[in-house]
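Hi there,

As promised, here is the structure for you to open in your viewer. My notes follow underneath.

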Amino acid sequence: MLLSLNSFLILGAVLFSIGLFGALSKRNAVSVLMGIEIMLNAVNITLVAFGSSVVNPQFSGRLTGQIFAVFIITVAAAEAAVALAMIIAIYRQRSTVDVGDINMMKW
Amino acid sequence: MFPLLTTLVFLPTIGALVLMVGPKGASRWIAAIFSGVTFVLSLWLYIGPLVGGSGTAGFGSIMHPAWSESIPWVHFAIGTLQLNIDYHLGADGLSIFMLILNALLSFLAIIGSWHVSNRTREYMALLLILETGVMGVFCAFDLYLFWLFWEVELIPMFLLIAIWGGQRREYAAWKFVIYTIFGSAFMLAGIILLYFSLGAQNGAYSASFSYLASHQVAGTYSIFGISIASQLLLFLLLYLGFAIKLPMIPFHTWLPDAHTEAPTAVSVLLAGVLLKMGAYGLIRICVDFAPQGARDFALPLAVLGAINIIYGAGCSLVQRDMKKLIAYSSVSHMGYVILGVAAAIGPGATNPAFREAALTGAAIQMFSHGAVTGMLFFCVGVLYEKAHLREINAFGGLMARMPRLTWIYTFAIMASLGLPGLSGFVAEYLVYTGSFANFPAQTIIAAVTMILTAGYLLWMLKRAFYGPLNPRWAHLNDANLLEMAPLVMLGVVVLFVGVYPGFLVDLLRPSLHQIIQTMGSLPVAGR
Amino acid sequence: MSGNVFIDNIWVIPALPLLAFILNIFVIRPLDVAIRDRSHGAGHAEHGHAEQHGQDNGHLADNTQHTVPDIDALVEESYVQGIDDIDGHIATPAALARSIRKAEHTSGGAAAVTLMRDAESHPHHAHGEPTIFARVNGYIGILAMLGAFAWSLGVLFAMLGNGALRNGTVVHLYDWVAVAGINYSVNFYVDALTAVMLVVVTTVSALVQIYSQEYIEHEEPAGYSRFFAWLSLFTISMLILVLSANFLMIYIGWELVGLCSFLLIGFLGKDAPKMQAGRPSPGAAAMKAFITTRVGDFGFLIGILILFTVTKTFEFTAIPRLLTGTDQALLTAAMILVFCGAVGKSAQFPLHVWLPDAMEGPTPVSALIHAATMVAAGVYLVARTFVLFHQFAGPQSLEVVAYVGGFTAIFAASIALVQTDIKRVLAYSTVSQLGYMFVGLGVADTIGPGTFHLMTHAFFKALLFLGSGAVLHALGGEQDMRKMGGLASRIPQVAIPFLLATFSISGFPFFAGFFSKDEIIAQTLQHGDYVLYAITLFTAFLTAFYMFRLWFLTFGGEGGRFGGWWGGQYRDTRTISQPGIRLWLPLAILAVPAVFAGFLGWNVVSGGGFNAFISAANVTPAGIVGAAFDNPFTSGATYVGIAAAFLGIGLAWAMYGARIIPANVLTRNPLGRGIYQVLWNKFYVDEVYLAFIRFGIMGLSRIAVGFDRLVIDGILNGVGNGVVAFGRGLRRSESGRMQNYGAAIFGGALVIAAAFFVVVYFNIK
C-alpha cells in the first residue's frame, strides 16, 4: 500500500511536536539538544515527503526536498557538535548543564 | 572653481583629524589655526560677490544663491518613486550671514576655551566637528542634506555638555538631545512628506531648495479622517523641529539646563549659532517651502512669539544663577525672531515694506543675539573661571577688582537690552516698526518687555558689580588679554552693526525680498 | 542744504565730543591706567586690604585703611543680606530704615551699623592726584566742548542774521536701514529750537566740564578720565537728541542719554547705600533711573509706532503732511503715549521717583544731566512735536501735558518743603520746574513759554547744582543742610552766584526765572485755565519758600548779617576748604545768563523776541503767529505773582533766617506732624512701587518659573520617567531562559497560525 502524503506530514508534525515539547520543557541541556534534533528530523521527513510527492508538478522529480534534507542533516551535525562543545564548556565553567542556571544573557 | 563651501564645511573636520594625530600639547593651536583659517575663508563669502562686480544684489536668494556646489549623490528609483539626494551646498545672503557668524563664534569659542585643561584634545576636536555640523546646516541646499547636518551637530554637542559640563551635565545633555531628536523626527516626517507630495504632484522628484521654493504643495491631507491643509501640516511638522531649537515656548526648558551646565564656549556656541539654526530653518525652510501654511499659522506664531518674549524676561527676573538668567534672556530675545517672522508672513493687507522691515529685524536679531549673548556668556565664563561661582547674590562690588570686566559686561548688557548704537537695538526696532502694523497687541507686549529686560540685566549688574566689594572676592584678578580678546572682537562687531546696519541689510535684502515677494503673491487673508 | 557752513556741517557739533570720547577711551585712558597700575603695583603687596578700592583706585589715604576691612568683615557677616534684601531692587528711605533696624538686631550687624555711621558721616573718598594722562583727557573734553559751543554760536548767529534759516534745515548723513521704500535715516535737523538747545547744552556742558576738573580730582581721582569719557559720551547723546530730524534719531539720543545717566549716576558705584541719610547706593540709583525712564520710553515707543504705521516715515517734517485725514482719537492716543516718554525722562509724576535718587551721582552730573539738559529732553520732545499735539491730536493731549505738569509742579514743590538733603531739595525743585515747562507747553499756542523756561531754568538750576556741589566740596561731602549754616561769609565766591540763582528761580522781579515763570502763569490765565493758574501761582509761592529755606539753612541763618541773610552760625565742626577757581568761575559765568537771560523775553529790553524767534521753527501750528511776549508789567496778574514770590521769600526768612516764627510752628499739632510725615516720605510713592514690583512683577515671574519647572518640566520628566518605568517593568519578561523565549516564539507562531486559519477558513475580509 502506498502511503499518502498526509501520513508523512502527520508523522512529521507529531515528531516535531514531541521535539518541541522536549526542547522547551527539559532542564538538561543535552535533552534540549536531543529535542532539537528530533525537530530537525521531523522537518527532514516533511521535506522528503514533499519532495517525492507529485502535488506540485513543478517541483516533482527535481529532488529539491531531498537535497534540503541532506543539507539539514549536515548542518544539524555541525550544530550538534558546536552545541555539545558549548555545553561541555559551560559545564566546565559552571558545573551544571541545567538550562535554568544558564542565564548569562539575561539583562 | 574652488569649492569654497565644501572647504568651509570640512576644513574643521580635517582640523579635528589633524588634532587627533598631532602633538598633544599643540591641540589648542591647531584648533585655533583651523578655525581661524575657516573664519578668514568665510569672509570671502561676503567679499567675493561684492568684488565680483554685481554689487549687493549679487548675494542672491534661495533661487540663485551666490555660491553653489552640487554633486549627485543618491539617485535611485523604485517604480515611479524616485529618491534623488544631491550633495548640494549653496549660500545666499541669509546663509552667508550665518556662516560668517558661525565661523567667527567657533573661532572665538576656541580662543575662549584656552583654559580648558581636561582632555583638551578631544574638546577642541569636538568643537571643530560641531563647527562642521553647523556650517553644513547653514549651507546645505538639499533638504535631506540639511537634515543630515542637523543631526550631525547633535553628537559633538551632546558630548561637549555631557563630558565638560557642570554638575547636572548628564541630565542637561540628555534633555538637549532628546528634545532635539523629538523635534527632528517630526521634521524628517515633514521632509519626506514634502518631498513625495511635491514629486507626485509635479512628477519631478528633487529636494533641492530652489525646486522646493519654486513649487508649492497644494490641496489637503486627510489623516484619520481629519482634513488639514497640506501646507499647514507641512509647516507644523517642519516647524516643530525648529521651534525646539529656537526655542519657542513651551519647548524651551532644555535651554536653561543646557546653557547652565555647558562649558562657557559651548554655551556661547549654543546661544550664538545653534539657536540660530532654528531661526534659520523657520525662515529658510518653513516659510519658503510652505508659505501658505506659514501664513495660516502666522497669528498663533505671533502670539507665541510675544509670549516667548515676555515669559523669558519674567523668568530671567527671578533667576539667581547668572548663566540661567542669560539663558532665559535668550528665550526672550529669540521671541523677537519669531515675532518678526510672524509679522512678515502675517495675514492682512500690510504694506510689504513693513513685512520686509520685520523680517530684516528678525534676521538681524539672529546675528545680534548670537554676538551679544556670546559676549554675555564669555563674561560669565571669565568670572566663573576665577570665582567658581555663578550665584549673582554671592558677588558684590566686583567693579573694584575687575574694572575691565565690569565695563565690557556693561557693554554687553547694554547691547542685550537694546541700547541704540548697538546691534540689539537695530533688530528690535526693526521688529517693532515692522510688526506693529500686523500685530499691534503682540508688539506692545514685546515693547513692555524692554522694561523687564532692563530690569533683570541691570539688576544683575548692580548686584554683582556695584556696591562695596564683598571681601570674599578680594583676591580676584581682572580679565586678562586672552579673556578680553573674544569679548572685544564681538564688541566691535556689535557696535559696528549698531551704528551702520546697512551692510547687513544689503547682504540680506535679496534673500528676504524673495520671501516677501512670495508672501505678496499669496491671496490676502487667505482663509 | 541751507548754504550756511555751520548748519550744513552740523555733524561737527556731536563729532567734536565724539572725537574727545574716542581719544579718551582708546588712546589716553589706557596710558592713564597703565601708569596708575605701575605706580600702584607695589602698594598692593603691602596692604592687602587696601584693595577694597581696587586697582582702579590708586592712592588710599593711610588713615582709612584700618577701618575699611573691619566694616567689610562685618558686612560680610550680617549686613549684605540686609542690603540686598531691600537695596536689591529699589531702595526707599523707609525700606532702608527697616534694614538698619534688622541689622541692628544681629551681633555683627549692630557694630556694622555703627561703623557704617562713622563711615557715612566722614566719607573717605580716596585722595590722590589724577595722572597726567587723566588730566589731558579732561583738557581734551573741555576743548571739544568749547569747539562745539563755538559752532553752536555760529548756528545761532546765522539764524539771527537770516530768518529763513530758522524754519529748519534737514541734513542727511546716511541711511541706517532702507527697506522697500521705508528709510530709517540718520538725519539732523536744525531750526531755531535746535539752535537754542544747542547753545544751552554746549554752554552748560563746557562749564560743567571745567568745574568737574576740580570736583572729581577730590571725589574720585582714579576715575578722572572715565568721568570725562562719560561726560563726552553724554554730550554726544544729548546733541544727537537735540539735532534729531526724526523719531528714530530722537529715540536713539533718548536712550543714549539714559545710558549716560546710568553710567554717571553709578560713577561712584563702589559706595554702599547711606542708610542713615536714607540714600540708596549709587548703583541702585543708577538702575532705578534707567528702568523708570524705560517705563516712559515704552509709551514713547508705542506712540512712535502708531505714527510710523500711519505715515510710514519717521521724519518730523514729513509726518504732519501725511497725517491729514487720520483718526483724531488714534492720534490723541499716540501723542499721549509720546508724552509718556517725556514723563519718564523729565521725571514727571508718576515717574518722578528716579530723579531724587539720581542725586547719588557726582554733583556736576546732577547739574548737567539731572537739571539742565537731559531732564529737559522731555520738554524738548513735546516742543519738537508740538504741531502734532496742537494741530492733529485732540485737545485732550495737550490738556494731559498741562495737567500732568501742573500736578507735578505742586506735588514736587510740596515734597521739597521738608527735605533736608540739599541736593534732594534741588532735585524736587527740578521736577517741579519741569512741571512748569509742561504747563507752559500745554496751555500756550506756541512753544515759546515752555522752552523759554527750559532755557532760563537750565542756567539757574545748573548754577544751583554746581553751587551745592561747591558746598559739598567745601564741607567734605556733607549734604545734610542741618549740618550747614552761615556759609555765605565763609565761601562768598560760591554764595554770591548761588544767591542770584536763588532769586532767579524764586521769581524775583527782573531775574531770568521771573520772566519765564511769569509768562507761563500768564498763559494759564490767558487761556482761562483757572485751576492751573491757581496751581502755578501757589507753586511759585512754594518755590520761593523752599529755595530760601535752603538758602537760609545753608548760607544764612541765625546770627548772620542783614537779619540772617548773610553768614551766621555754622552748625558743624568740620573744617571748610575753599573752592578753587575752577569751581567758582563756572558759577560766576553761569550767573550771567541766570540773571539776564530773562531779558530775551522782555520787550522793554530785547523786544521780547524769544518767542518770535523760536516759533519760527517748524514747530508752530499753522495759523498761529509766534508773536513776541507781552510786557509782564502791564498786567495786574504779574503783581500777584510777584507778591506770591515775596510772600514765600518773606516766610522763609521769618522761619529760617531771622527765626521770628519758630520752624516747628506747623508740626506742633498731630495734623501738621502727619502731613510732615507724608511729605518727608515723599507721599510713599516709592513704597507703593516697591510693593508692586515685589509682589506684582516678581510674583508673576516666580509663577512663570514655577510653571516652567513644575508643569513643563514636570510633564517632560513625567513622560521620561514613565518610559523608563515601562521599560523597567518590561525587562522582567527577559528572563534569559531560552526555553521561555522558545515557548513565546512558538506560542506566537501558533496564535498567528490560528488567526490565519480563522481568516482563511471563515473567509473574513
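In this predicted model, helices α20(C) and α24(C) pass each other in a left-handed crossing. Helix α20(C) spans residues 492–506, and its axis comes within 9 Å of that of α24(C), at a crossing angle of roughly 25°. The two helices are therefore roughly parallel. From α20(C), the contact takes Gln493(C), Val494(C), Pro497(C), Leu500(C), Ala501(C) and Ser504(C). Facing them from α24(C) are Trp584(C), Leu587(C), Ala588(C), Leu590(C), Ala591(C), Ala594(C) and Val595(C). Sorted by class, the residues of this contact are 11 nonpolar and 2 polar, with no charged ones.

Helix α24(C), residues 581–596, also packs against α19(C), residues 448–474. Here the axes are 9 Å apart and the angle is about 155°, which makes α19(C) roughly antiparallel to α24(C). This crossing, too, is left-handed. On the α19(C) side you will find Phe459(C), Phe460(C), Ala462(C), Leu463(C), Leu466(C), Gly467(C), Ala470(C) and His473(C). They meet Leu583(C), Trp584(C), Pro586(C), Leu587(C), Leu590(C), Ala591(C), Pro593(C) and Ala594(C) of α24(C). The class count for the contact of α19(C) with α24(C) is 14 nonpolar, 2 polar and no charged residues. If you would like to trace how α24(C) serves both contacts, Trp584(C) is listed in the one with α20(C) and in the one with α19(C).

Stepping back to chain C as a whole, its secondary structure consists of 29 helices and 2 strands. Chain C has 765 residues, and 58% of them are buried. Looking at its contacts between residues at least 6 apart in sequence, 78% link residues at least 24 apart. One detail to look up is the cis peptide bond between Phe349(C) and Pro350(C), where omega is about 5°. Pro350(C) sits in the loop that runs between α12 (328–345) and α13 (354–357) of chain C.

Now for how the chains meet. Which chains share the most contacts? Of the 2 pairs that touch, chains B and C have the most. Their contact involves 54 residues of chain C and 52 residues of chain B. On the chain C side, α3 (67–87), β1 (169–179), α9 (247–265), α10 (282–311) and α28 (685–730) each contribute at least two residues. Helix α10(C) gives the largest share of that side, with 13 residues. By class, the side of chain C that touches chain B has 29 nonpolar, 12 polar and 13 charged residues. Chains A and B, on the other hand, do not touch, and their nearest C-alpha atoms are 23 Å apart.

Chain B has several backbone features that you may want to inspect. Its strands β1 (residues 67–78) and β2 (residues 81–91) run antiparallel and are joined by 11 bridges. Within this pairing, His75(B) is opposite Asn84(B) of β2(B). The hairpin has 2 residues between its strands, and Gly79(B) there adopts a positive phi near 60°.

Chain B also has positive phi values in residues other than glycine. One of these is Arg119(B), with phi near 50°, in the loop between α3 (93–112) and α4 (120–139) of chain B. Arg119(B) is partly exposed, having 13 other C-beta atoms within 10 Å. Another is Phe224(B), whose phi is also near 50°. Is Phe224(B) buried or exposed? Phe224(B) counts as exposed, because it has 4 C-beta neighbours inside 10 Å. Phe224(B) lies in the loop between β3 (220–223) and β4 (226–229) of chain B.

There is a cis peptide bond in chain B as well, joining Leu246(B) and Pro247(B), with omega about -10°. Pro247(B) belongs to the loop between α9 (230–245) and α10 (254–261) of chain B.

Last comes chain A, which has 3 helices and 0 strands, in the order α-α-α along the sequence. Buried residues account for 17% of its 107 residues. Of the contacts in chain A between residues at least 6 apart in sequence, 53% join residues at least 24 apart.

Happy browsing, and best wishes!

Note on methods. Residues numbered from 1 in each chain as written. Chains lettered and ligands numbered in written order. Predicted model: local features only at pLDDT ≥ 70, side-chain atom pairs only at ≥ 80, totals over all residues. Axes fitted to C-alpha atoms, helices over the stretch in contact; angles between N-to-C directions. Helix = DSSP H or I, 4+ residues; strand = E, 2+ residues; numbered from the N terminus. Parallel < 35°, antiparallel > 145°, perpendicular 65-115°, else oblique. Left-handed = near helix turned anticlockwise from the far one by under 90°. Contact = placed C-beta atoms within 7 Å. Nonpolar A, V, L, I, M, F, W, Y, C, P; charged D, E, K, R; others polar. Pairing = 2+ DSSP bridges. Buried ≥ 20, exposed ≤ 12 C-beta atoms within 10 Å, placed from the backbone.
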